[in-house]
Amino acid sequence: VECDESCACSSLSNPCKNRAIQRGLKKVIGDDVIEVPLKGIDPFIRKRIFDTLPKKMSEKNKNFFIEQLVLPALRARCGAEDKDSSLIGAFEDVLQSCEESSRKLDIACMEARDASAAPDSETQSEDSSPPNSTKTDDVGIRDRWYYLKAAQHLYSVAESRVSDFLAYPKGIGVLVKPGKSFEAHEFLGEYVGELYPSWRWFEREATIKSVKKAVQENAPVLPEFYNMVLERHEDDPLGYDLVFVDPKKKGNYCSRFSHSCDPNAMVTVVASEGLYTIAVYTLRKISEGDEITFDYFCRTDSKDEAREAICLCGTKDCRGSFLFFSDEDSDQILHRDHSFFRRIVLIVNCDQEQTISDSEREILNKFKIKESLLNGLPIWGQKFAASVCQFIDHESKTLPDELYKLRVKSHSGSSISNRSRSGMSPEPLDLNDIKRNSDEETEIVRNKRIQTLAITLDKIKYFLRHKGQPQHSPLR
């Protein structure tokens, strides 16, 4: 929630920083940021670069070389006229940059030797840098000198294997304009577009998907990722709800931020002057020429979608896909305790009583299912929502332990298999890490279930609004 004019954290000399949306302090296209056709590298190309770098180079230095030298060089070469998919040009730019820094280092060393030999060397300015200082630029002369050999080796290998080192189009991306930089937690802009209720959005998407399949029968149909879900905060007096934001026709540059598994920005729902908006903020300092990215954090139940959604962020933390795949492990409690037959029985039972019990009201309040979702919903629909919430509550309590057991068992099995093949001792099992990941996955599943319930209730209300539709349970 943004502050208002009555907040106590503002003064004439230090205005409140939590009112950027109200004051319209968004970044301006052309003045602060620029849109450019960009390319990226997938995990396979990244690994090929990583493996090609000198073996004596540490993993940390290899990651730095790729992310702080190669990727910026690739971004610098992107543009409307750049149709070359080879990385050889970017590698050449990195090599030239390292050679230039090496020359600067030679000059710095000679100047330092001359200064130390001079009789008045003790009177040098305190701002003087030693020969091996990293002060000259962001990467540092000494570091560039160290990476020179790596750049020479990579370029020589790539020259003879050009087709092994390729970049792939990412579409239009957004870069920080030269001469500009943004600090951490700085407001970038609002993610805007046309608003769709759930029922209308999925009706629209189903139509688009069927048309695409008809035009390209064998082509995989991936969902569009230019949309965003705007969720009403659960603490709102009206309770939880959501709408879909489609910026395709009426959006701004924020909809063109690329995905990254190690993003430098984030999106969050903010209440400003009584209205909800999707705001984008920086996570850390972003320098000129850097691409602005955030984690799309999308999930899918389709292996084909996850396989086709290849990530091109090129970071060391790349997950390989910009989609999280919800495997069977996450749905084990659903299949066991909330099967199709049980759901049918649940719907039948919901139509037996015409009142909401205290326990049902309590569970609806616990999940913030209130007026916004319940208005216009018959009693059986409200009882159905309460029953689903009861299952979500049960799943949230039991799933972490089940995931923990499966992850430990899976790790033990893979460790034995790897040891039998390599003869090496397995990596130590971090139980705390597995426990933390299990809890995080459960929280993601819980949020997805609540979102799906909200969408389902909106579809039910839309169906019942049609003239002549019976208001009783569909299984009566």
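**Aromatic pairs and nonpolar cores**

In this predicted model, Phe165 has a relative accessibility of 1% and therefore counts as buried, the limit for that label being under 20%. Its partner in an aromatic pair, Phe91, is likewise counted as buried, at 2% relative accessibility. A search through the whole structure turns up eleven aromatic pairs, and the one made by Phe91 and Phe165 is a good place to start. The centres of these two rings are 5.7 Å apart and their planes meet at 75°; since planes over 60 degrees apart count as edge-to-face, the pair belongs to that class. Distant parts of the chain are linked here: Phe91 belongs to helix H3 (residues 88–117), while Phe165 is found in the loop between helix H4 (141–160) and strand E2 (168–176), 74 residues apart.

A second pair shows another arrangement. The rings of Trp199 and Tyr462 have centres 3.6 Å apart and planes at 10°, so this pair is stacked. It too links distant parts of the chain, with Trp199 in helix H5 (residues 198–215) and Tyr462 in helix H12 (residues 431–465), 263 residues apart. What about exposure? Trp199 is buried, with a relative accessible area of 19%, whereas Tyr462, at 24%, is partly exposed.

Aromatic rings also gather in groups, as Tyr196, Trp201, Phe202 and Phe244 do in forming one cluster. Phe202 has a charged visitor as well: the charged end of Lys459 sits over its ring, 4.7 Å from the centre. Elsewhere, Lys62 lies over the face of Phe50, 4.8 Å from the ring centre.

In soluble globular proteins, nonpolar side chains tend to be buried together. In this model, the largest nonpolar core has 35 residues, and the members that touch the most others are Leu364, Phe367, Ile369, Phe384, Cys389, Leu453 and Leu457. Several elements each supply at least two residues of this core, including strand E6 (241–246), helix H7 (332–337), helix H8 (340–350) and H12. Which element gives the most to it? That is H11, with ten residues.

Phe384 offers a closer view of the packing. Leaving aside residues up to four places away in sequence, Phe384 touches Leu346, Ile347, Cys350, Leu453, Thr456 and Leu457. Apart from the largest core lies another, of 30 residues, among them Leu53, Ala150, Phe165 and Ala167. This brings the account back to Phe165, a member of that core and the edge-to-face partner of Phe91.

Terms used
Residues are numbered from 1 along each chain as its sequence is written. This is a predicted model: local features need pLDDT of at least 70, side-chain atom pairs count only at pLDDT 80 or more; totals for chains, interfaces and linings use all residues. Side-chain values use heavy atoms; hydrogens and water are left out. Rings of Phe, Tyr and Trp (its six-membered ring) pair if their centres lie within 6.5 Å; planes under 30 degrees apart count as stacked, over 60 as edge-to-face and the rest as tilted. Helices (H or I, at least four residues) and strands (E, at least two) are DSSP runs, numbered from the N terminus. Buried means under 20% relative accessible area, exposed over 50%, partly exposed in between (1.4 Å probe, protein chains only). A charge sits over a ring if NZ of Lys or CZ of Arg is within 6 Å of the ring centre and within 35 degrees of the ring normal. A nonpolar core is a set of buried Ala, Val, Leu, Ile, Met, Phe, Trp, Tyr and Cys residues joined through side-chain atoms within 4.5 Å. Contact means heavy atoms within 4.5 Å.
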